[in-house]
Amino acid sequence: MAQAVARAMEDGHHLCVEAGTGTGKTLAYLLPGIFSSRRVIISTGTKNLQDQIYFKDVPFLEKALGRTLSVCLVKGRSNYLCLRKLAETSAGRNVSAPGDPRHLARVREWSRTTETGDLAELRDLPEDLPLWRQLDARRETCTGQKCPDFEACFVTRVRRRALESDIVIVNH
């Protein structure tokens with residue numbers, strides 16, 4: 001499969017490959033991508049596969065190859081904290097569910113140390129927390145370059161990292 005992927009990349013044609021679970025498909029498309037000297041976008045069907053590639057397969061390949069790879073994990077906007085929304089939401093005000101003030105305090109504390117702003121880092125908070133919708137960086141509420149937090153924005157920062165990376169892992 002790796003050879004077929006490399007040929008397809010070299011020749012500029014499409015390739016469709018089917019193989020069972022655990023056969024090494026991820027490595028078979030990552031390796032040709034790494035050695036192609038091109039920017040490669042890996043688009044997964046699930047966040048679990050996206051995380052597997054970024055947190056398991058890429059570190060495995062870095063160790064096996066003895067080099068650091070230029071890789072960026074990019075999730076949808078609603079997975080990132082919006083700093084403007086966080087600033088506008090004060091404890092006890094603009095929160096809609098019981099427990100939200102306590103959860104908001106946890107998010108504020110985390111926001112001071114996170115590099116990515118990826119809400120998945122807050123594993124100790126429920127995924128279905130109503131507060132997320134009030135704090136995430138979804139497009140409908142984003143003011144873009146007009147935002148006072150545009151430069152510090154986690155979405156802006158991940159997009160810049162993606163532009164500088166050789167491999168970008170996204171989820172379609």
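Over how many bridges do β2 and β3 pair, and in which sense, parallel or antiparallel? In this predicted model, β2 and β3 pair over three bridges, and the sense of the pairing is parallel.

## Overall make-up

The chain contains seven helices and three strands, and, read along the sequence, these elements follow the pattern α-α-β-α-β-α-α-α-α-β. Along its principal axes the C-alpha trace spans about 60 × 35 × 30 Å. Of the 172 residues in the chain, 38% are buried, and among the contacts between residues at least 6 apart in sequence, 70% join residues that are at least 24 apart.

The chain exposes about 10,700 Å², of which carbon and sulfur atoms supply 52%. It carries 26 positive and 21 negative charges, and the mean positions of these two sets are 3 Å apart.

## The sheet

The three strands form an open sheet in the order β1-β3-β2, with parallel pairing. The edge strands are β1 and β2 (residues 71–73), each of which pairs on one side only, and the twist from one strand to the next averages 20 degrees.

On one side of the sheet order, β1 and β3 (residues 167–171) pair in the parallel sense over five bridges, and within this pairing threonine 44 stands opposite asparagine 171 in β3. In the pairing of β2 with β3, which runs over three bridges, cysteine 72 has valine 168 in β3 as its bridge partner.

## Strand β1

The side chains of β1 (residues 40–44) alternate along the strand, so that there are two faces to consider. Val40, Ile42 and Thr44 point to one face and are buried, whereas Ile41 and Ser43 point to the other face and are not buried. Thr44 therefore combines a buried side chain, under 20% relative accessible area, with its place opposite asparagine 171 in β3.

## Helix α2 and the residue after it

Helix α2 covers residues 25–35, and its buried residues are Thr26, Ala28, Leu30, Pro32, Gly33 and Ile34. In an α-helix there are 3.6 residues a turn, so residues three or four places apart point the same way. Within α2, Thr26, Leu30 and Ile34 are among the buried residues.

The cover over the buried residues of α2 includes two helices, α1 (residues 2–11) and α3 (residues 47–65), together with the strands β1 and β3. Both of these strands also belong to the sheet, where β1 is next to β3 in the order β1-β3-β2. Just after α2, serine 37 takes a positive phi of about 60 degrees.

Conventions
Residues are numbered from 1 along each chain as its sequence is written. This is a predicted model: local features need pLDDT of at least 70, side-chain atom pairs count only at pLDDT 80 or more; totals for chains, interfaces and linings use all residues. Side-chain values use heavy atoms; hydrogens and water are left out. Buried means under 20% relative accessible area, exposed over 50%, partly exposed in between (1.4 Å probe, protein chains only). Helices (H or I, at least four residues) and strands (E, at least two) are DSSP runs, numbered from the N terminus. Two strands pair if DSSP finds at least two bridges between them. Contact means heavy atoms within 4.5 Å. Accessible areas come from the Shrake-Rupley method with a 1.4 Å probe; for residues, only the protein chains shown count as cover. Lys and Arg count as positive and Asp and Glu as negative; His and the chain ends are not counted. The place of a charge is taken as NZ of Lys, CZ of Arg, CG of Asp or CD of Glu. Axes are lines fitted to C-alpha atoms, for helices over the stretch in contact, and angles run from 0 to 180 degrees between N-to-C directions.
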